[in-house]
Amino acid sequence: MQDHGNRWAELTGGQGGARYAARFAALADSGADVHGEARFCASLLDPAARVLDAGCGTGRVAVRLAESGHTCVGVDADPSMLVEARRHAPQMTWLEADLAEVADLGLEPDFDMAVAAGNVVPLLAPGTEPGVVAALASLLRPGGLLVAGFGLDADHLPLEQAPVSLADYDTWCDRAGLAPVSRHATWDGDAYTGGGYAVSVHRRS
């Protein structure tokens with residue numbers, strides 16, 4: 001598959017998996033809540049839903065949702081992240097691919113939800129963002145949800161400036177046939193009233 005040169009790969013060189021996993025393991029050991037994304041997504045799902053974790057990283061969100069009875073597929077372009085995901089949950093489906101090519105993986109287009117947590121959208125390769133949103137939308141069943149949380153300023157991103165605005169994202173969703181459902185300031189569901197981070201929920205028309 002084509003190398004799209006995503007921003008995450010530029011930051012980590014594709015070698016960030018072990019460090020990322022260790023960071024969240026330390027947070028969990030300290031008593032921090034590391035499952036807010038999964039809890040938020042689970043609150044929107046019917047039992048035994050099918051979920052695509054787009055930019056799944058080490059699988060933290062997908063594994064937690066699977067433990068709650070959902071069927072999850074994880075896709076990520078970083079092989080070092082998938083090493084950690086497969087080590088932790090070898091029975092689950094983990095696919096190595098750039099999200100710009102997710103529609104070409106042969107996945108059944110009947111997902112109840114696609115979730116892009118962890119600043120996935122702003123760390124995509126420049127110029128691929130609209131296509132990725134469209135591809136994720138195409139894999140949802142009618143009524144399925146796209147849930148994305150990402151930073152909107154340098155304080156909430158590993159970048160000097162934010163490459164994606166909410167206006168950009170909403171435009172891409174609209175073009176992909178996704179209607180806005182709700183927007184939140186955190187994965188705890190707090191209402192979004194402005195600020196540097198947003199969690200957006202859109203529904204396939």
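Biologist: What pattern does the protein follow, read along the sequence?

Modeller: This is a predicted model. Along the sequence, its pattern reads α-α-α-β-α-β-α-β-β-α-β-α-β-β.

Biologist: How many helices and strands does the protein have?

Modeller: There are seven helices and seven strands.

Biologist: And what share of the residues is buried?

Modeller: Buried residues account for 50% of the 205 residues.

Biologist: What about the surface? How much does the protein expose, and what do carbon and sulfur atoms supply?

Modeller: The exposed area is about 9400 Å². Carbon and sulfur atoms supply 50% of that area.

Biologist: Take contacts between residues at least 6 apart in sequence. What share joins residues at least 24 apart?

Modeller: That share is 68%.

Biologist: OK, the inside. How many residues does the largest nonpolar core have?

Modeller: The largest nonpolar core has 32 residues. Those with the most contacts inside it are Leu 52, Leu 99, Val 102, Leu 146, Phe 150 and Tyr 169.

Biologist: Which elements give two or more residues to this core?

Modeller: The strands are β1 (50-54), β2 (71-76), β4 (111-116) and β5 (140-151). The helices are α6 (129-138) and α7 (166-175).

Biologist: Which one gives the most?

Modeller: Helix α6 does, with five residues.

Biologist: Zoom in on Val 102. What is it in contact with, leaving aside neighbours within four places in sequence?

Modeller: Val 102 is in contact with Leu 52, Val 75 and Leu 107. It also contacts Ala 135, Leu 136 and Leu 139.

Biologist: What lies apart from the largest core?

Modeller: Another core, of 26 residues. Phe 40, Val 51, Leu 145 and Tyr 197 are among them.

Biologist: Switching to strands. How many of the residues in β4 are buried?

Modeller: Six of its six residues are buried, so β4 counts as mostly covered.

Biologist: Which strands pair with β4, and in what sense?

Modeller: β1 pairs with β4 in the parallel sense, over three bridges. β4 and β5 also run parallel, joined by five bridges.

Biologist: Which residues stand opposite each other there?

Modeller: Asp 53 stands opposite Val 115 in β4. Phe 111 stands opposite Leu 140 in β5.

Biologist: How does the chain cross from β4 to β5, right-handed or left-handed?

Modeller: The chain goes through α6, and this β-α-β crossover is right-handed.

Biologist: Now Gly 144. Where is its place?

Modeller: Gly 144 sits in strand β5.

Biologist: Is Gly 144 buried or exposed?

Modeller: Gly 144 is buried, with a relative accessible area of 0%.

Biologist: And what is Gly 144 in contact with, beyond its neighbours within four places in sequence?

Modeller: Its contacts are Phe 111, Asp 112, His 202, Arg 203 and Arg 204.

Biologist: How far apart are the C-alpha atoms of Gly 144 and Arg 203?

Modeller: They are separated by 5.6 Å. Along the chain, these two residues are 59 residues apart.

Biologist: Last topic, cysteines. How many disulfides does the count come to?

Modeller: The count comes to zero disulfides.

Biologist: Why no bond for Cys 41?

Modeller: The closest cysteine sulfur, in Cys 72, is 9.3 Å from the sulfur of Cys 41, so it is too far for a bond. The cut-off for a disulfide is within 2.5 Å.

Biologist: Are Cys 41 and Cys 173 buried or exposed?

Modeller: Cys 41 is buried, with a relative accessible area of 0%. Cys 173 also counts as buried, at 0% relative accessibility.

Key
Residues numbered from 1 in each chain as written. Predicted model: local features only at pLDDT ≥ 70, side-chain atom pairs only at ≥ 80, totals over all residues. Heavy atoms only, no water. Core = buried A, V, L, I, M, F, W, Y, C linked by side-chain atoms within 4.5 Å. Buried < 20%, exposed > 50% of the residue type's maximum accessible area, 1.4 Å probe, protein only. Helix = DSSP H or I, 4+ residues; strand = E, 2+ residues; numbered from the N terminus. Contact = heavy atoms within 4.5 Å. Areas by Shrake-Rupley, 256 points an atom, 1.4 Å probe, with all protein chains shown as cover. Pairing = 2+ DSSP bridges. Right-handed = clockwise from strand over helix to strand, strands pointing away.
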